[in-house]
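Visitor: I would like a close look at a single part of this structure, the disulfide, and then a word on the surface patches. Could you take me through what can be said there?

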Amino acid sequence: MLGIYHPFLWNTRETDVDNLTIYKIKQLDVILTGQIGSVTLVNAVSGAVTSPTTNSVTWTVKGVTVQATRVSASLSDGVLYYLNVDGIYFSDVITKSTCTREILSWNSCANQYYDWDSDPVTQKISLFDPVEVAPIIETESETIITEYGQQDKTLRVNKKYRIQFVAPVGYIQILSGLKINDSVTIDSQEIINIEVEAQEQEGGRYSIFTLSYQLKNELQEGSTCCDIINIDDIISPDNGGGGEECVGFTVEIQYTGGELSAITTGEPEGTPIYKWYRNGIYLSGASSIVTDLYGDYKVEVRIGACTAKANYYIVDECTAFQLELTKTLNSINGTVSNVPDGETESYSVVLNGVEVATSLPYTALEDGIYYVYATAGECNKVKGISVTLEDNDCDFTIDIIENGGILEADTDATTPTYEWAFETSAGRNVIGTAATQVIDGKGIYWLNITQGDCTKETYLYLEPLTESGIFVRYGGTGTTFTVLGINLLDITNYAGTIKVTVNGVVFSYTAGAPGLNQYSVNITGQLLFANTLTNPTIIVELI
């Protein structure tokens, strides 16, 4: 599938249609290029099929025949659709929304980008719930030579508007296509110098797009020889209107209570002449000015042939004011920085044009794109974040700690329930439901922890010794025998049997208090028997 006049990232199988990627538009109106046979609009829930309106055009560009098909259809409220193109291309989910702002774009004639020729079509691009962000002010200037030396002259000040919105990642292709079309309008105003930025969100389905542009009717033209020139606009604050630096003569700008004042030292004889500038534009000839506008202020003080200069920058508190959003599971949180002095930030969380919260953090209750508005005094910031609900019950860890013959469940679950099971070659059986479990032999200990609707499982394997029999003691007489090569203290409630051979006679012993055909293990790891054994061969058969 070719072309840039649609927002879709196509699927090659109908089963791959992603119901978590949703295109919200007023009505379906896209252009598909390439050889197309049939296009149907499918109800994603019921499977019902309708036929959209199609209009195909074929023309030749540089000897190449090109075909394009315009696909349009009215959508019903609350219905989820997808496009089926020839049974081999399938769009993601499309639904109707009235909370959109439309961009209109068209080309006047055929060109190298293969748009319509003699009958240009207006392409509609729907931006769901877009938010205007602070514009960017750019100043263009040129350097000229005057009797006072090199000067910087401001030619124009351009304003770039910006809107921000969240949309499926495929929107990047149709938005990038705007830059090559002849005409693009927003709210009936033609826009130019379009730039697109995309910040992909978690999960890879959506991006936060920032669309920057200028209004064509606001674009300032450069000066000509016939323009009326204001001498104060030409005289650069960097070079001034004459005079030179004199030793000891300086000026400093002080900003107090909203007033900029020029404080001079080492003044020569004469009357001072002041010139104040903001961002290179002449403001006043007073010794001080009252202002709360941000910008780069400069003052030039001239007394006789001597000139002193100074500058002072008033920070734009609202430009410095920043908002950052984070998401943990279903919880949205935000932090602000550079809050203006004396102001306190407040928040508004909006979903589908409706305010759902006035504080952070906020736990989302449904899927969607949430916009967080932060306000501090006169300053405002807004950012969007995409949320797909996750299961909070599963936000916990699980582990088993072995401690002195006791297994302990290690978890940060807030409302856990426990189930222990023991598995050997004979099978797996539940042995406990407490937070701890006594070790009862070698094997696999399973732990299930349940919280809400979520269950997690882990295990600890207490590995048996691989030997089928180990010589523990040979010879000696008594009731206590040192264990060789095996730490029996690691064996809790050992229920295995051992063989004791005395004078060629084999006896079987089981674990327990020392008694008839029984043995135990003392605190130093020795075997204890009730009866005296003379020169026995002791074999541990099963551990």
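Guide: What follows begins with the disulfide and then turns to the surface. The model is a predicted one, and the structure holds one disulfide, formed by Cys-246 and Cys-306, whose sulfur atoms lie 1.9 Å apart. Because the torsion about the S-S bond of Cys-246 and Cys-306 is about -90 degrees, the disulfide is left-handed. Cys-246 sits in the loop between helix H2 (231-234) and strand S17 (250-256), while Cys-306 belongs to strand S23 (residues 306-314), so the pair ties together parts that are 60 residues apart in sequence. Cys-306 has a relative accessible area of 12%, and since the cut-off for buried is under 20%, Cys-306 counts as buried.

Turning to the surface, a nonpolar patch of about 410 Å² is made by Ile-137, Tyr-294, Tyr-313 and Val-315. Of these residues, Tyr-294 is found in the loop that runs between strand S21 (288-290) and strand S22 (295-303), and with a relative accessible area of 36% Tyr-294 is partly exposed.

A patch of another kind, negative in charge, is formed on the surface by Glu-317, Asp-341, Glu-343 and Glu-378. Among them, Glu-378 is placed in the loop between strand S29 (368-376) and strand S30 (379-387), and because its relative accessible area is 73%, where exposed means over 50%, Glu-378 is classed as exposed.

How values were computed: Residues numbered from 1 in each chain as written. Predicted model: local features only at pLDDT ≥ 70, side-chain atom pairs only at ≥ 80, totals over all residues. Heavy atoms only, no water. Patch = residues over 30% accessible without salt bridge, like charges linked within 9 Å, V, L, I, M, F, W, Y side chains within 5 Å. Areas by Shrake-Rupley, 256 points an atom, 1.4 Å probe, with all protein chains shown as cover. Salt bridge = Lys/Arg side-chain N within 4 Å of Asp/Glu carboxyl O. Lys, Arg positive; Asp, Glu negative; His and termini not counted. Charge placed at Lys NZ, Arg CZ, Asp CG, Glu CD. Helix = DSSP H or I, 4+ residues; strand = E, 2+ residues; numbered from the N terminus. Buried < 20%, exposed > 50% of the residue type's maximum accessible area, 1.4 Å probe, protein only. Disulfide = S-S within 2.5 Å.
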